[in-house]
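Here are my notes for a colleague opening this entry for the first time. Please read them with the model in view.

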Amino acid sequence: MDNRKLLGLTPAMGWNSWNTFTWDINEQLIRDVADVFVSEGYKEAGYEYIVIDDCWSLKERDQDGNLVADPAKFPSGMKALADYIHSKGLKFGMYSCVGTHTCAGYPGSFEHEFQDARLLAEWGVDYLKYDYCFKPRNLSGELMYKRMSLALKNCGRDILFSACNWGEDNVYQWIRASGAHMYRSTGDIQDNWDSVKKLAISQLDKECYTGAFCHNDMDMLIVGMHGGSNDGFIGSHSGGCTDTEYKTHFSLWSIMGSPLMIGCDIRNASQATKNTLLNPDLIAINQDTEGRGAYRIKPEPQWFHTDEVFMLVKVLADGDLAIGFFNLSDEQRQLSLQFWDIGLPYAEKISLSLYDCWEHKELGVFRERFAPTVPARDCVIVRAKLV
Ligand code: GAL
């Protein structure tokens, strides 16, 4: 099969410079991240794209209208950086914007879409994140994404197209047809628990739209940042989250089918951070080739009214189910799943063999229901096999 046809089959996995470094980026940092991808097992776990976000170019295009990499930050140029990343068996991502300028005020791609796509292809870029600032008011966002999608698909190189319009203009309704492989559905994440909770809950009813080749991007991961951003907005609550909160964040993004783009400084990641980001059982759920969104089950008893406690079920390609028991509330809760509600008729005596994806162990065979007790802000994720 033509490999190009598989571009975007499963959610992208990689690292993006924005959450921790924002404007403070340079080629040595990017090379170091590539090295760590290989030496610390990220590449082996499936992480592949290393993406430079905003603030990489000069403030003006050159006399031919081309974007110019800032020579102070990237003295060897983007082609050399791409070559280095490719030499490690990894892929290289860059950033531009629908409008005349990027969000940080660098040149955007408006009316330069095809020229920029050609330049990115020459440099060896494999991924483009495409932001929404300074969009011309009289033109629709939908048209702007159709344009760049067409430019990328005709630039002579396979480039994954990552749209970033923050969920505006009912993006769910038109983005898949525009040709993008993933679409930001939320405003910018912040390194605190409230942000994680808010973003996840906001997408629970949008899971029906995500899927293979066009994935709902709930924003880059904050796992392991622990307040490490150089930006006041992203890191506003110093200290970030606890490791348990990061675990729940990673579980939500994994089972909901979001791309997994790491946002912390992986050069200094703790063991707990690595255990989370490299969890093979969660990654397998996220990368399942059927690419289905998860459906939600509200907990019993029915009078238990809260958005913060729910179960998510994701149908997997091999007939298994990934089931997440999420307790985003501040008190311990027992969540009860009746197997009837996920399609098992009582009459047929089918049980579920459950495997715990965080403890990495078999839990045994269960009949009719499973009801784990979940601590505050925590979750239990199981992979269920019918027996
Ligand atoms: C925002 C975007 C962020 C980051 C930033 C760069 O619009 O949502 O993820 O790319 O712009 O300025």
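1. Start with the largest pocket. Its lining counts 24 residues. Those nearest the centre are Leu6, Gly8, Glu48, Tyr49 and Lys91. The space inside comes to about 410 Å³. Bear in mind throughout that this is a predicted model.

2. What classes of residue line the largest pocket? Eleven are nonpolar, seven are polar and six are charged. Among the residues nearest its centre are Glu48 and Lys91, and both residue types count as charged.

3. Where does the ligand sit? It occupies the second largest pocket. This pocket holds about 150 Å³ of space. Its lining has 14 residues, with Trp18, Asp53, Cys103, Asp131 and Asp188 nearest the centre.

4. The lining of the second largest pocket divides into seven nonpolar and seven charged residues. No polar residue takes part in that lining. Gly counts as polar in this scheme, so the lining has no Gly either.

5. Now look at the shell around the ligand. It is made up of Trp18, Asp53, Asp54, Tyr95, Cys103, Lys129, Asp131, Cys164, Trp166, Arg184, Asp188 and Met220. Six of these shell residues are nonpolar and six are charged. Again, none is polar.

6. Which side chains come within a polar contact of the ligand's oxygen atoms? Three aspartates can be cited here. An N or O atom in the side chain of Asp188 is 2.5 Å from a ligand oxygen. For Asp53, the corresponding distance is 2.6 Å. For Asp54, a polar side-chain atom lies 2.8 Å from an oxygen atom of the ligand.

7. How much of the ligand does the protein cover? On its own, the ligand has 310 Å² of accessible area, and the protein covers 94% of it.

8. Check the disulfide next. The structure holds one. It joins Cys103 and Cys133, with the sulfur atoms 2.1 Å apart. The link is right-handed, with 100° about the S-S bond. Cys103 also belongs to the shell around the ligand, and it is one of the residues nearest the centre of the second largest pocket.

9. Finally, the enclosed spaces. There are three cavities of 30 Å³ or more. The largest cavity has a volume of about 50 Å³. Its lining consists of Asp54, Cys55, Trp56, Ser57, Leu67, Tyr95, Ser96, Thr102, Tyr106 and Pro107. By class, six of these are nonpolar, three are polar and one is charged.

10. One link is worth tracing on screen. Asp54 and Tyr95 line the largest cavity, and Asp54 and Tyr95 also appear in the shell around the ligand.

How values were computed: Residues are numbered from 1 along each chain as its sequence is written. This is a predicted model: local features need pLDDT of at least 70, side-chain atom pairs count only at pLDDT 80 or more; totals for chains, interfaces and linings use all residues. Side-chain values use heavy atoms; hydrogens and water are left out. On a 1 Å grid over the protein atoms alone, a cavity is a set of points where a 1.4 Å probe fits but cannot get out, and a pocket is an open set with protein on both sides within 12 Å along at least five of seven lines; lining residues have an atom within 4 Å of a point. Grid points are joined across faces, edges and corners, and a volume is the space filled by probe spheres set on the points. A residue is near a molecule or strand if one of its heavy atoms lies within 4 Å of it. A polar contact is a pair of N or O atoms within 3.5 Å; within protein, one must be able to donate a hydrogen and the other to accept it, and residues adjacent in sequence count only if both atoms are side-chain atoms. Accessible areas come from the Shrake-Rupley method with a 1.4 Å probe; for residues, only the protein chains shown count as cover. A molecule sits in a cavity or pocket if more than half of its atoms lie within 2 Å of its grid points. A disulfide is a pair of cysteine sulfur atoms within 2.5 Å.
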